[in-house]
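Hello! Here are my notes on the model you sent over, as numbered points that you can follow with the viewer open. I hope they are of some use.

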Amino acid sequence: MERISDLDERLLAALRKDGRAPIATLATQLGVSRATISNRLDKLTAAGVIVGFTVRVRDYAETATVRATSFIEVEGRSTDRVITHLRGFPEIQALHTTNGGWDLVAEIACPDLPAFDDVLRRIRSIDGVVNSETSLLLSSVLR
């Protein structure tokens with residue numbers, strides 16, 4: 001795909017604001033035809049710029065969920081092996097490599113504190129994990 005155009009950037013911004021906006025609404029907002037919007041969406045998706053569509057939920061829908069961010073230090077060259085193990089944890093919503101004092105950052109969601117305690121125990125028992133620090137997320141003030 002060619003370089004992302006100004007129209008593509010405006011389209012992506014509109015979709016970030018309302019991912020369910022109808023094509024006709026997007027076309028009106030951006031001052032182009034519905035066919036142009038459909039064409040740009042198809043091209044952005046085919047090029048891998050748009051990799052999927054998702055839903056965002058209000059915090060009240062997650063009130064029964066224990067959420068946390070875990071910083072994980074990995075021994076030597078075992079990062080790939082540790083990542084492979086962590087990918088199998090359904091409680092891990094996202095996993096990031098990073099620089100600095102920690103090697104990995106995991107975003108965790110569990111239904112309750114006993115499940116949260118269990119996932120921390122399982123993370124710490126992975127061969128190659130030498131240290132971790134986890135903080136519970138109490139409320140979201142900006143997303």
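1. Gly76 is exposed, with a relative accessibility of 65%. In this predicted model, Gly76 belongs to the loop that joins strand β1 to helix α4 (79–87). If you want a sense of the span between this loop and the N-terminal helices, try Leu12 as a partner: 64 residues separate Gly76 from Leu12 along the chain, and their C-alpha atoms are 40 Å apart.

2. A second exposed loop residue is worth a look. Asp127 sits in the loop between α5 (113–124) and β4 (129–137), and its relative accessibility of 58% counts as exposed. Which residues does Asp127 touch, leaving aside those up to four places away in sequence? They are Arg81 and Val82. Both of these fall in α4, given its range of 79–87. His85 can serve as a further reference point here: Asp127 and His85 are 42 residues apart along the chain, with 9.5 Å between their C-alpha atoms.

3. Now to the aromatic rings. How many aromatic pairs does the structure hold? There is 1. The pair is made by Phe71 and Trp102, whose ring centres are 6.2 Å apart; their planes meet at 45 degrees, so the pair is classed as tilted. For the angle, the tilted class is what remains between stacked, under 30 degrees, and edge-to-face, over 60.

4. It also helps to see where those two rings come from. Phe71 is part of strand β1 (residues 66–74), while Trp102 is in the loop between β2 (92–97) and β3 (104–110), so the pair ties together parts that are 31 residues apart in sequence. Are the two residues buried or exposed? Each falls in between: Phe71 is partly exposed at 26% relative accessible area, and Trp102 is partly exposed at 21%. The cut-off for buried is under 20%, so Trp102, at 21%, does not meet it.

5. One charge also sits over a ring. The charged end of Arg122 is placed over the ring of Phe89, at 4.6 Å from the ring centre. Arg122 falls within α5, which covers 113–124.

6. Turning to the helices, begin with α1 (residues 6–17) and α2 (residues 23–30). Their axes come within 11 Å and cross at roughly 125 degrees, which makes α1 oblique to α2. The crossing of this pair is right-handed. On the α1 side, the contacts are made by Leu7, Arg10, Leu11, Ala14 and Leu15, and these meet Leu26, Gln29 and Leu30 of α2.

7. The loop between α1 and α2 contains Pro22. Pro22 is partly exposed, with 47% relative accessible area. Its C-alpha lies 9.6 Å from that of Arg34, a residue 12 positions away in sequence.

8. What angle do α1 and α3 (residues 34–46) make? Their axes cross at roughly 90 degrees and come within 11 Å, and the two helices are therefore roughly perpendicular. The residues of α1 in this contact are Leu7, Asp8, Leu11, Leu12 and Leu15, which meet Thr36, Ile37, Arg40, Leu41 and Leu44 of α3. Leu7, Leu11 and Leu15 are also among the α1 residues that meet α2.

9. The remaining helix pair on my list is α2 with α3. Here the axes come within 8 Å and cross at roughly 105 degrees, so these helices, too, count as roughly perpendicular. From α2, Ile23, Ala24, Leu26, Ala27 and Leu30 meet Arg34, Ile37, Ser38 and Leu41 of α3. Leu26 and Leu30 of α2 also meet α1, and Ile37 and Leu41 of α3 do so as well.

10. As a last item, Thr25 is also in helix α2. Thr25 is partly exposed, at 35% relative accessible area. Thr25 and Ile37 are 12 residues apart along the chain, and 9.9 Å separates their C-alpha atoms.

Methods
Residues are numbered from 1 along each chain as its sequence is written. This is a predicted model: local features need pLDDT of at least 70, side-chain atom pairs count only at pLDDT 80 or more; totals for chains, interfaces and linings use all residues. Side-chain values use heavy atoms; hydrogens and water are left out. Rings of Phe, Tyr and Trp (its six-membered ring) pair if their centres lie within 6.5 Å; planes under 30 degrees apart count as stacked, over 60 as edge-to-face and the rest as tilted. Helices (H or I, at least four residues) and strands (E, at least two) are DSSP runs, numbered from the N terminus. Buried means under 20% relative accessible area, exposed over 50%, partly exposed in between (1.4 Å probe, protein chains only). A charge sits over a ring if NZ of Lys or CZ of Arg is within 6 Å of the ring centre and within 35 degrees of the ring normal. Axes are lines fitted to C-alpha atoms, for helices over the stretch in contact, and angles run from 0 to 180 degrees between N-to-C directions. Angles under 35 degrees count as roughly parallel, over 145 as roughly antiparallel, 65 to 115 as roughly perpendicular and the rest as oblique. A crossing is left-handed if the near helix is turned anticlockwise from the far one by less than a right angle, and right-handed if clockwise. Contact means heavy atoms within 4.5 Å.
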